[in-house]
Amino acid sequence: MTTTTFRIGTAPGRLPWIQHPWRLLRQPLSYLSSLRDEGDIVKIRLGPVWVYLIQNPDAVRQVLVSSATFDKGGPFFDKALNFFGTLVWLYVGI
């Protein structure tokens, strides 16, 4: 088994709890595109919580496939499964 190291960064901003949600609401595509150089996994502050944007395909695959590392249950996962359906599972090879 090989281990992969991912670069983890934080979205820039002096007042992240205000700037991150504002930019994400106003210009979502350009904001997310601007984070491309920040790392493979980027932390974005949305109010009181941190959200992780996973940009590396290998990291996305690891999150979706590894049930030992990442919990796949709960209401969010159930809604995502309903939204994306089986296409995601076919893509990642589950």
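Helices (H or I, at least four residues) and strands (E, at least two) are DSSP runs, numbered from the N terminus. On that basis the chain has 5 helices and 3 strands. This is a predicted model, in which local features need pLDDT of at least 70 and side-chain atom pairs count only at pLDDT 80 or more, while totals for chains, interfaces and linings use all residues. Residues are numbered from 1 along each chain as its sequence is written, and side-chain values use heavy atoms, with hydrogens and water left out.

**Whole chain**

Start with the cartoon view. From the N terminus on, follow the order β-α-α-β-β-α-α-α. Now switch on the surface. The chain exposes about 7400 Å², an area from the Shrake-Rupley method with a 1.4 Å probe; for residues, only the protein chains shown count as cover. Carbon and sulfur atoms supply 62% of that exposed area.

Of the 94 residues, 20% are buried. Buried means under 20% relative accessible area, exposed means over 50%, and partly exposed lies in between (1.4 Å probe, protein chains only). Contact means heavy atoms within 4.5 Å. Take the contacts between residues at least 6 apart in sequence: 47% of them join residues at least 24 apart.

**The strands**

Select β1 (residues 8–10) and β2 (residues 41–46). These two run parallel, joined by 3 bridges. Two strands pair if DSSP finds at least two bridges between them. Pick Gly-9: opposite, in β2, stands Val-42.

Add β3 (49–54) to the selection. β2 and β3 pair in the antiparallel sense, over 6 bridges. They form a hairpin with 2 residues between them. Click on Gly-47 in the turn; its phi is positive, about 65°.

Two pairs are worth labelling here. Ile-44 stands opposite Val-51 in β3. Arg-45 has Trp-50 as its bridge partner in β3. In a regular strand the side chains alternate between the two faces of the sheet.

**Helix α1 and Arg-45**

Keep Arg-45 shown and select helix α1 (residues 16–26). Pro-16 is in this helix. Pro-16 counts as buried because its relative accessibility is 15%. Which residues does Pro-16 contact, leaving aside its neighbours within four places in sequence? They are Pro-21 and Arg-45. Draw a C-alpha to C-alpha line from Pro-16 to Arg-45: the two are 29 residues apart in sequence and 5.7 Å apart in space.

Move along α1 to His-20. His-20 has 1% relative accessibility, so it counts as buried. Its side chain reaches the backbone nitrogen of Arg-45 at 2.9 Å. That is a polar contact: a pair of N or O atoms within 3.5 Å; within protein, one must be able to donate a hydrogen and the other to accept it, and residues adjacent in sequence count only if both atoms are side-chain atoms.

Now show the surroundings of His-20. Beyond its neighbours within four places in sequence, His-20 is in contact with Ala-11, Pro-12, Gly-13, Tyr-31, Ile-44, Arg-45 and Leu-46.

**A patch on the surface**

Stay with α1 and pick Trp-17. Buried or partly exposed? Trp-17 counts as partly exposed, because its relative accessibility is 44%. Add Leu-15 and Ile-18: with Trp-17 they form a nonpolar patch on the surface, with about 300 Å² of accessible area together. Patches are made of residues with over 30% relative accessible area and no salt bridge; like charges are joined within 9 Å, nonpolar side chains (Val, Leu, Ile, Met, Phe, Trp, Tyr) within 5 Å. A salt bridge is a side-chain nitrogen of Lys or Arg within 4 Å of a carboxyl oxygen of Asp or Glu.

**From β3 into α3**

Go to the loop between β3 and α3 (57–65), and select Asn-56. Asn-56 is buried because its relative accessible area is 17%. A polar atom of its side chain lies 2.7 Å from the backbone nitrogen of Asp-58. Setting aside neighbours within four places in sequence, Asn-56 is in contact with Phe-6 and Asp-40.

Last stop: Ala-59, in helix α3. Ala-59 has a relative accessible area of 3%, so it is buried. Apart from neighbours within four places in sequence, Ala-59 is in contact with Phe-6 and Ile-54. Draw one more C-alpha to C-alpha line, from Ala-59 to Thr-5: 9.4 Å in space, 54 residues in sequence.
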